[in-house]
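Trainee: Please take one charged side chain at the start of a structural element and look at it closely. Then work outward from there to the rest of the chain, keeping the accessibility and the geometry in view.

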Amino acid sequence: MKKVILFLCQGLEEYEASVFTDAIGWTTTYGLEPIELVTVGLRKKVKCAWNFTIEPEYQLNEIDENSFDAVAIPGG
């Protein structure tokens with residue numbers, strides 16, 4: 001199983017992250033190989049645009065980045 005970090009930074013717009021969760025979710029359900037998506041941030045709570053808050057599963061200092069296959073960074 002492939003593992004991907006979804007890095008959530010302060011100020012992101014939640015729909016930017018949803019593109020990755022949706023695409024990887026469908027790939028895991030119907031693709032050839034499942035992908036584990038792990039949300040990571042620098043803080044316990046990430047404040048998004050329009051006062052929306054996301055709680056990443058892990059903070060960056062809690063993970064071993066070498067155990068992941070890719071990093072996705074939403075934004076534009």
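Mentor: Glu14 has a relative accessibility of 31%, which makes it partly exposed, since that class lies between the buried limit of 20% and the exposed limit of 50%. The model is a predicted one, and the values below are computed from it. Glu14 is found in helix H1, an element that covers residues 14-30. Setting aside residues up to four places away in sequence, Glu14 touches Cys48, Ala49 and Phe52. A further relation spans the chain: Glu14 and Gly75 are separated by 61 residues in sequence, yet their C-alpha atoms are 9.4 Å apart in space.

The confidence of this region deserves a remark. The protein averages a pLDDT of 94, and 99% of the residues score at least 70. Helix H1 has the lowest confidence in the protein, with a mean of 93, while E5 has the highest, at 98. As a general caution, where pLDDT is low, the predicted coordinates should not be read in detail.

Helix H1 also holds an aromatic pair. The structure has one such pair. Its members are Trp26 and Tyr30, with ring centres 5.5 Å apart and planes at 15°, so the pair counts as stacked under the limit of 30 degrees. In general, a pair of aromatic rings is described by the distance of the centres and the angle of the planes. Both residues lie in helix H1, four residues apart, or about one turn of the helix. Tyr30 counts as exposed, because its relative accessibility of 63% is over the 50% limit.

From the contacts of Glu14 one can go on to the loop between E3 and E4. Trp50 lies in that loop, and Asn51 has its place there as well. Trp50 has a phi near 65°, a positive value in a residue other than glycine. Asn51 has a positive phi of about 65°, although it is not a glycine either. Most residues other than glycine have a negative phi. As for solvent, Trp50 is exposed, with a relative accessible area of 73%, and Asn51 is exposed, at 57%.

Charged side chains appear in two other interactions. The structure holds one salt bridge. Glu55 forms it with Lys45, and the closest N and O atoms are 3.9 Å apart. Glu55 lies in the loop between strand E4 (53-54) and strand E5 (58-59), and Lys45 in the loop between strand E2 (35-41) and strand E3 (46-47), so the pair ties together parts that are ten residues apart in sequence. Glu55 is exposed, with a relative accessible area of 54%. The other interaction involves Lys3, whose charged end sits over the ring of Phe68, 4.6 Å from the centre of that ring.

Strand E2 supplies the contrast to these exposed positions. Val40 has its place in strand E2 and counts as buried, because a relative accessibility of 0% is under the 20% limit. Beyond residues up to four places away in sequence, Val40 touches Ile5, Leu6, Phe7, Leu8, Pro56, Tyr58, Gln59, Leu60 and Ile63. Val40 and Cys9 are 31 residues apart in sequence, with a C-alpha to C-alpha distance of 8.7 Å. Thr39 also lies in strand E2 and is buried, with a relative accessible area of 16%. With neighbours within four places left aside, Thr39 is in contact with Leu6, Leu8, Pro56, Glu57 and Tyr58.

The whole chain gives the frame for these details. The protein has one helix and six strands, and from the N terminus on the elements run β-α-β-β-β-β-β. Of its 76 residues, 32% count as buried. Among the contacts with a separation of 6 or more, 63% come from residues 24 or more positions apart. The C-alpha trace spans about 35 × 25 × 20 Å along its principal axes. A compact globule of 76 residues would have a radius of gyration near 11 Å, and the protein has 12 Å, which agrees.

To return to the starting point: Glu14 is partly exposed, sits in helix H1, and touches Cys48, Ala49 and Phe52.

Conventions:
Residues are numbered from 1 along each chain as its sequence is written. This is a predicted model: local features need pLDDT of at least 70, side-chain atom pairs count only at pLDDT 80 or more; totals for chains, interfaces and linings use all residues. Side-chain values use heavy atoms; hydrogens and water are left out. A salt bridge is a side-chain nitrogen of Lys or Arg within 4 Å of a carboxyl oxygen of Asp or Glu. Helices (H or I, at least four residues) and strands (E, at least two) are DSSP runs, numbered from the N terminus. Buried means under 20% relative accessible area, exposed over 50%, partly exposed in between (1.4 Å probe, protein chains only). pLDDT is the predictor's confidence in each residue, from 0 to 100. Rings of Phe, Tyr and Trp (its six-membered ring) pair if their centres lie within 6.5 Å; planes under 30 degrees apart count as stacked, over 60 as edge-to-face and the rest as tilted. A charge sits over a ring if NZ of Lys or CZ of Arg is within 6 Å of the ring centre and within 35 degrees of the ring normal. The radius of gyration is taken over C-alpha atoms; the globule rule is 2.2 Å times the number of residues to the power 0.38. Contact means heavy atoms within 4.5 Å.
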